[in-house]
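This report describes one protein chain, first as a whole and then through two of its helices. The sequence and structure come first.

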Amino acid sequence: MPPVSVTKKRAGIVGVPPFTIMEMLAGPDFEVFDLDEPQGKIDIETASPFLPRVYCGILRTVISNSIAIKPDIIYIDTGAGKCDCAVHTATVLEDILPDCEVIRTRNDDSKNFGTPLCKTKMPLLQKIAAITASVQNPNAYQSFSPCTATAGFWGVPPRDFSLLNLFPDTTHVYGWTRCMENKTPDNLDLELHFNPDIPTVFFAQSFCAKTALARHLAGKHPHGLYLDCDVTAGNSAKAKIQAFLELSGL
């Protein structure tokens, strides 16, 4: 578990809360934890008494992180920019953490911050880590030169980032992850966008509602692969990606 400050208010975020909230949390009075991401070696099984094991691995991670970190306040997006499952997770958090203030938000932000990271040349793991970190940064992005895309990754940031190591550095990012960087998580037009000219993996966490959209878009793409995986990316998932990219000449 990461060290916890005793002087700052501990704030957990789930999804992408509205910009005004993230601007406030960027101040000196808060220590912010992205509860969607694994924080240190917190055991995801600590969530099992409160959420079914057959449930989104990201939201199970939210519960296990919250139990371990004990935030003072949690901002959880329960609007269309996150998912219906987050609505129920917010209720669970309220019941199991009575000393924590759980604030439901709906992010309807429409100001486009741009997506320079999604289109630049960078190891994909590093790129998506930077995009998830950008949620906590209210400032304008620095510029990154775009590269010519050779592959695409569509979807949400995976719980297990290790599967991203299989992609070339010239992979462009699409789907909800691109919406994250643009700070418009409820932008369906942007989420639906993909490049039909490059081989693309359409990824979603198992048991996430976005599996339906991922598989649907993969079926429309002339060279798409649908993939979902749960808590960790096993050898089967990695082998599918590797074979798909190799057969695509990458």
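## Overall build and two helices

Of the chain's 250 residues, 53% count as buried. The model is predicted. Its secondary structure amounts to 8 helices and 8 strands. A compact globule with 250 residues would have a radius of gyration near 18 Å, and the chain agrees, because its own value is 18 Å. Along the principal axes, the C-alpha atoms fill a box of roughly 55 × 40 × 30 Å.

Contacts between residues at least 6 apart in sequence were sorted by separation: 66% of them join residues at least 24 apart. The chain exposes about 11,200 Å², and carbon and sulfur atoms supply 53% of that area. There are 22 positive and 27 negative charges, and the mean positions of the two sets lie 4 Å apart.

Two helices can be set out side by side.

| Helix | Residues | Buried residues | Arc of buried residues |
|---|---|---|---|
| α4 | 124-134 | L124, K127, I128, I131, T132, S134 | 160 degrees |
| α7 | 210-220 | K210, T211, A214, L217, A218 | 135 degrees |

In helix α4, the buried set includes L124, I128 and I131. Seen down the axis of α4, the buried residues fall within an arc of 160 degrees, so they line one face of the helix. A general rule bears on this pattern: an α-helix has 3.6 residues a turn, so residues three or four places apart point the same way. The buried residues of α4 pack against strands β2 (30-34), β5 (151-155) and β6 (171-174), and against helix α5 (176-182).

Helix α7 has K210, T211, A214, L217 and A218 as its buried residues. Viewed down the axis of α7, these fall within an arc of 135 degrees and therefore line one face. The face turned away from that buried side carries the exposed residues A212, R215, G219 and K220. Cover for the buried residues of α7 includes β5, α5, α6 (188-192), β7 (200-205) and β8 (224-229).

What is the relative accessible area of A214? The value for A214 is 0%, and because buried means under 20%, A214 counts as buried. This residue is found in helix α7. Leaving aside neighbours within four places in sequence, A214 is in contact with W154, F202, F203, A204 and Y226. A214 and T78 are 136 residues apart in sequence, and their C-alpha atoms are 21 Å apart in space.

Terms used:
Residues numbered from 1 in each chain as written. Predicted model: local features only at pLDDT ≥ 70, side-chain atom pairs only at ≥ 80, totals over all residues. Heavy atoms only, no water. Helix = DSSP H or I, 4+ residues; strand = E, 2+ residues; numbered from the N terminus. Rg over C-alpha atoms; globule rule 2.2 N^0.38 Å. Buried < 20%, exposed > 50% of the residue type's maximum accessible area, 1.4 Å probe, protein only. Contact = heavy atoms within 4.5 Å. Areas by Shrake-Rupley, 256 points an atom, 1.4 Å probe, with all protein chains shown as cover. Lys, Arg positive; Asp, Glu negative; His and termini not counted. Charge placed at Lys NZ, Arg CZ, Asp CG, Glu CD. Arc of directions from axis to C-beta.
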